[in-house]
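Open the model in your viewer and keep the sequence panel visible. The stops below run from the domains down to single residues.

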Amino acid sequence: MTHYMTGLVVRSEGTPAELVELRLPEIGPGQVRVKIRAAGVCHSDLSMINGTLRPPHPLVLGHEAAGEVVEVGEHVTRASVGDHVVLNWQPACRSCWFCEHDQPWLCSTSHGIAALENGLTLDGAPVHVTLGVGAFAEQVVVPENAVIRVPPQLDFDLAALLGCAVLTGTGAIRNTAQVAPGESVLVIGLGGVGLSAVAAARAAGAGQVIAVDVNESKKGLAEAAGATDFVVSSENLSREIRARTGKRGADHAIECVGRASTIRAAWRATRTGGQVTVVGMGAADDMVQLSALEIFSSARILRASVYGQADTDIEVPALAEDVLSGKLPLDFLVTDRIRLADVPAAFDHMSRGEGARSVVVL
Ligand code: APR
Ligand code: ZN
């Protein structure tokens, strides 16, 4: 049977996203068809259309999602019809060098920022899907290793956020920075990712959690996430952070914007021997300047955290349990529930640094 559905598509570079009718492929062996119930508006989706990234077109936007399995192909063992699942945009093959060396988040079968193999078509021509998912649509067809089962008690809107912002932000704290009780943590950029990092730092027992944003309207959200301090970003950020951390600088800085200037600010605000964790995904030509001498004499560690440096198959269900048990309260994260047609307006909202996460509910 042929299935059609509505999806949010950018037809070519620079044109606005529009709702169009897409033809879904028949599902093949090992594939799963998921009815999307919630999809978060992530900054990486905005980066697909604002020139930060240069994806191929036509392109279905969206990658942070949860839904219900409606059909499974032959030989599928990971999911059954009716299961609630989170979509994984970096599924692990479990057999490449990285997977075999316990780094599934770097799996070398990654499809990059967009994939074609999902078999979707628009007016008979193949369509790419963002990060192999293409979640701003009524349905997706993905390989079974791209779905992770979660308990049905978890609301779909928060489940969707576990698939990107929450895993990324909490993983940066737990797996990459490995924040220890009592340490001071600076988080720059308070979108869905940064606010998740703030909440995880607090849950990890961090002493001071200093939340920074250019937009002062983020203060309430920073407090809701558990920040001990809120600072509006300025030229004098490192001086301000030093003043609040015994003149030394923070033990950890977590950069959740994706710009050279904020990576540089994170570096300067971190103490000698401290660690900077870069979570934001920036542009290829945005260069960070660090002198050879300061790299040596500051003895700092600079690390990137990709998709929370996590084994998603283990950590997404664990996060679901943490949310359901109240260990990781994240209710403040969903600030707008919207329809597919409202995604372009949510991008404007996000560009102005307003709210935490807008989530499309279907
Ligand atoms: N200094 C401090 N905060 C800033 C700055 C700055 N110079 N510029 C922007 N911000 C803030 C914005 O005001 C906003 O609150 O950073 C926040 C970014 O939030 P979102 O746009 O919601 O982004 P999010 O989805 O959380 O993603 C953050 O992680 O996965 C990557 O591609 C993603 O690079 C992006 C980053
Ligand atoms: Zn994302």
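A salt bridge is counted when a side-chain nitrogen of Lys or Arg comes within 4 Å of a carboxyl oxygen of Asp or Glu. The model on screen is predicted, and that rule is needed at the second stop.

**Stop 1: the two domains**

Select residues 3–149 together with 330–361 and colour them as domain 1; then select 166–306 and colour them as domain 2. Domain 1 is thus built from two stretches of the chain. The C-alpha centres of domain 1 and domain 2 are 28 Å apart. Where they touch, domain 1 supplies 15 residues and domain 2 supplies 16 residues.

**Stop 2: the interface**

Show the side chains along the boundary. About 1,300 Å² is buried between domain 1 and domain 2, and carbon and sulfur atoms account for 69% of that area. On the domain 1 side, the residues that touch domain 2 are seven nonpolar, five polar and three charged. How many salt bridges does the rule find across the interface of domain 1 and domain 2? The count is zero. Polar contacts do cross the interface of domain 1 and domain 2: three residue pairs are found, with both partners at pLDDT 80 or more.

**Stop 3: backbone features in domain 1**

Select histidine 57 and proline 58 and display the backbone. The peptide bond joining histidine 57 and proline 58 is cis, with omega at about -10°. Proline 58 sits in the loop that runs between helix H1 (43–49) and strand E4 (59–60).

Move on to histidine 75, in the loop between strand E5 (64–72) and strand E6 (84–87). Its phi is positive, about 65°, although histidine 75 is not a glycine. Is histidine 75 buried or exposed? Histidine 75 counts as exposed because its relative accessibility is 63%, and the cut-off for exposed is over 50%.

Next select arginine 94, which lies in the loop between E6 and helix H2 (97–100). Arginine 94 also has a positive phi, near 70°, and is a residue other than glycine. With a relative accessibility of 38%, arginine 94 counts as partly exposed.

**Stop 4: glycine 226**

Go to domain 2 and centre on glycine 226, in the loop between helix H5 (219–225) and strand E15 (229–232). Its relative accessible area is 11%, so glycine 226 is buried, the cut-off being under 20%. Which residues outside its close sequence neighbourhood does glycine 226 contact? Setting aside neighbours within four places in sequence, they are Val198, Arg202 and Val209. Now add alanine 199: its C-alpha is 5.7 Å from that of glycine 226, although the two are 27 residues apart along the chain.

**Stop 5: aspartate 251**

Finish at aspartate 251 in strand E16 (residues 250–255). Aspartate 251 is buried too, at a relative accessible area of 15%. Show Glu183, Ser184, Thr270, Arg271, Gly274 and Gln275, the residues in contact with aspartate 251 once neighbours within four places in sequence are left out. From that group, pick arginine 271 and draw a distance to aspartate 251: their side chains make a polar contact at 2.6 Å. As a last selection, take alanine 165, which is 86 residues from aspartate 251 along the chain; the C-alpha atoms of aspartate 251 and alanine 165 are separated by 23 Å.

Technical notes
Residues numbered from 1 in each chain as written. Chains lettered and ligands numbered in written order. Heavy atoms only, no water. Domains from an automatic or database assignment. Contact = heavy atoms within 4.5 Å. Buried area = accessible area lost by both parts, 1.4 Å probe. Polar contact = N/O pair within 3.5 Å; in protein donor to acceptor, adjacent residues only side chain to side chain. Nonpolar A, V, L, I, M, F, W, Y, C, P; charged D, E, K, R; others polar. Helix = DSSP H or I, 4+ residues; strand = E, 2+ residues; numbered from the N terminus. Buried < 20%, exposed > 50% of the residue type's maximum accessible area, 1.4 Å probe, protein only.
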